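Trainee: Hey, have you got a few minutes to walk me through this one? I'd like to go over it bit by bit.

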Amino acid sequence: MRRSWRKFWLSLHGWLGLTLGGLLVVLGLTGSLLVFYTEIDLWLNPALVASQGKVGQPVRWSEAAARLSRHRPNDAGGWRIEAPMSERHPLMARYMKPPERAGRSFAPLIVTLDPASLALTSSRFWGDFAVTWIYDLHYTLLWGKEGRQVIGWLAVVALVFLLSGLILWWPARGKGWPAMRPSLRGGRILLIYDLHAKAGFYGLVVLFALCLTGAVLALPDLARPLILGEQLASVPWESMPLPGATMVAPDRAAQLAQAVFPQGRLRWLETPAGASGVYRVSLWQPGEPGVRFPRTTVWLDAWSGAVLAVRDPLQESAGNRFLDWMHPLHNGEAFGLAGRILACVGGLLPLLLFVTGGVRWMDRRRARRESAQRRRQTCQRSRPENTAIESSTAASSIRSK
């Protein structure tokens, strides 16, 4: 029975690796790049590097919004403005639904401004430059919503793939330490086996986390009801225009949101889209796993500045807090630079596992082919002897008669 189960898991592990391994390698390599995609974009485009930006320097939200409005005077939609993450990063803004990209699920216009001078340093559509193309390849296989579904279910299958590898590796009683010992044996066959097995064992936690978070992020309509028990609906908050009133300035909206969460670090400010639009301000609170995309949010009436709604992720249910960890875990941000490096290395592991697993598969196939050839040769050598014995026996029988 044990041999039958092992044969089943070995067959499943092998076929999953052969059929899906190449795709997992692509997702792993692109994921490793995306861990540092903002830094890579600055390296590829030095003109975007901020001239005098400093972490913690107050963002001039009103001036930045006015500059963006002059850049796109005919667009009524709001801008999502992101505060710089470091002294090198520019002030970045997204116009989420530009008419030039109508029909696409996600293709915003990305505009960068120098934090000090507010000079426009770039205006690019998502998907038209390297790092965003890689992002779309990783998240959707360049196939929109359908591709995202494929990625999500592929992550689920990858979890089964990891489970099958763990079952095949699991050592017999008393052999646990030799199997876990961080050393490589000599000889080509043993070396390839150790590289494959120990890379999978030591990287199992990281790979499991990447696959689980990837599945949740790519399949939100399935994951959220399972985790929360219901599908959350977005509330269409609207502002109430007041006769003779002027719209609240972005700087004032930032101050009002900061007053709600004095300990928070303001990260994003979304300007109103039209007269009934609202301000949406995102802040990071100590204790949140995601710094760049925090969940702490304040919605403000664009005319009166009244607080319409507040989201405090530190006071939410365990299910919501679990979901809040998914993206920061996936890119490693939840554990700072060390976590990002670990996530980056984890994305390289599928390539190592695919190569070593492929070599082992070819070695086993070659061994089976050589074994079958030896059996045929043995049969061929023994056949003339058997024929001679049979002939001799027949001749003796004839003479006796």
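Trainee: Which loop is Leu-118 found in?

Mentor: Leu-118 is in the loop between strand S3 (109-113) and S4. Keep in mind that this is a predicted model.

Trainee: Okay, and is Leu-118 buried or exposed?

Mentor: Leu-118 is buried, because its relative accessible area is 8% and the cut-off for buried is under 20%. Its backbone is worth a look too: phi of Leu-118 is near 60°, a positive value in a residue other than glycine.

Trainee: What about Leu-142, what is phi there?

Mentor: Phi of Leu-142 is near 60° as well, again positive in a residue other than glycine. Leu-142 belongs to the loop between H4 and helix H5 (144-169). With a relative accessible area of 44%, Leu-142 counts as partly exposed.

Trainee: Let's talk about the sheet. In what order do the strands come?

Mentor: The order is S4-S3-S2-S1-S5-S6-S7-S8, eight strands in an open sheet with antiparallel pairing. At the edges you find strand S4 (120-125) and strand S8 (307-311), each of which pairs on one side only. On average, neighbouring strands of this sheet are turned by 20° against each other, direction ignored.

Trainee: And how many bridges join S1 and S5?

Mentor: Three bridges, in the antiparallel sense, between strand S1 (residues 79-82) and strand S5 (residues 265-270). For a concrete pair, look at Glu-82: its bridge partner in S5 is Trp-268.

Trainee: Which helix packs on the sheet?

Mentor: Helix H10 (residues 250-260) does, and it touches S5, strand S6 (278-284), strand S7 (296-301) and S8. The direction of H10 makes about 50° with that of S6.

Trainee: Which residues of H10 are buried?

Mentor: Pro-250, Ala-253, Ala-254 and Ala-257 are buried in H10. Seen down the axis of H10, the buried residues fall within an arc of 100°, so they line one face of the helix.

Trainee: Why do residues three or four places apart point the same way?

Mentor: It's because an α-helix has 3.6 residues a turn.

Trainee: Got it. And what do the buried residues of H10 pack against?

Mentor: They pack against helix H3 (61-71), S5, S6 and S7.

Trainee: Let's hop over to H3, then. What does Ala-65 touch?

Mentor: Not counting residues up to four places away in sequence, Ala-65 touches Ile-81, Pro-250 and Thr-271. Ala-65 sits in helix H3, and Pro-250 is one of the buried residues in H10 you just heard about. Ala-65 is itself buried, at 12% relative accessibility.

Trainee: How far apart in space are Ala-65 and Leu-159?

Mentor: They are 45 Å apart, C-alpha to C-alpha, with their positions 94 residues apart in sequence.

Trainee: And how far apart in space are Ile-192 and Val-355?

Mentor: Those two are 9.4 Å apart, C-alpha to C-alpha, although they are 163 residues apart in sequence. Ile-192 is part of helix H7 (residues 188-202). Leaving aside neighbours within four places in sequence, Ile-192 is in contact with Thr-356, Val-359 and Arg-360.

Trainee: Why does Ile-192 count as buried?

Mentor: Ile-192 counts as buried because its relative accessibility is 15%, and buried means under 20%.

Trainee: One more residue. Where does His-138 lie?

Mentor: His-138 lies in helix H4 (residues 130-140). His-138 is buried, with a relative accessible area of 17%. Its contacts, apart from neighbours within four places in sequence, are Leu-27, Thr-30, Gly-31, Leu-34, Ile-151 and His-330.

Trainee: Now zoom out for me. How many helices does the protein have?

Mentor: The protein has 13 helices, along with eight strands. Its radius of gyration is 30 Å, well over the 21 Å that the globule rule gives for 401 residues, so the protein is more spread out than a compact globule. The C-alpha atoms fill a box of roughly 130 × 40 × 40 Å along the principal axes.

Trainee: And what share of the residues count as buried?

Mentor: Of the 401 residues, 40% count as buried. The accessible surface comes to about 22,900 Å², and 63% of that belongs to carbon and sulfur atoms.

Trainee: Last one: among contacts between residues at least 6 apart in sequence, what share join residues at least 24 apart?

Mentor: That share is 61%.

How values were computed
Residues numbered from 1 in each chain as written. Predicted model: local features only at pLDDT ≥ 70, side-chain atom pairs only at ≥ 80, totals over all residues. Heavy atoms only, no water. Helix = DSSP H or I, 4+ residues; strand = E, 2+ residues; numbered from the N terminus. Buried < 20%, exposed > 50% of the residue type's maximum accessible area, 1.4 Å probe, protein only. Contact = heavy atoms within 4.5 Å. Pairing = 2+ DSSP bridges. Axes fitted to C-alpha atoms, helices over the stretch in contact; angles between N-to-C directions. Rg over C-alpha atoms; globule rule 2.2 N^0.38 Å. Areas by Shrake-Rupley, 256 points an atom, 1.4 Å probe, with all protein chains shown as cover. Arc of directions from axis to C-beta.
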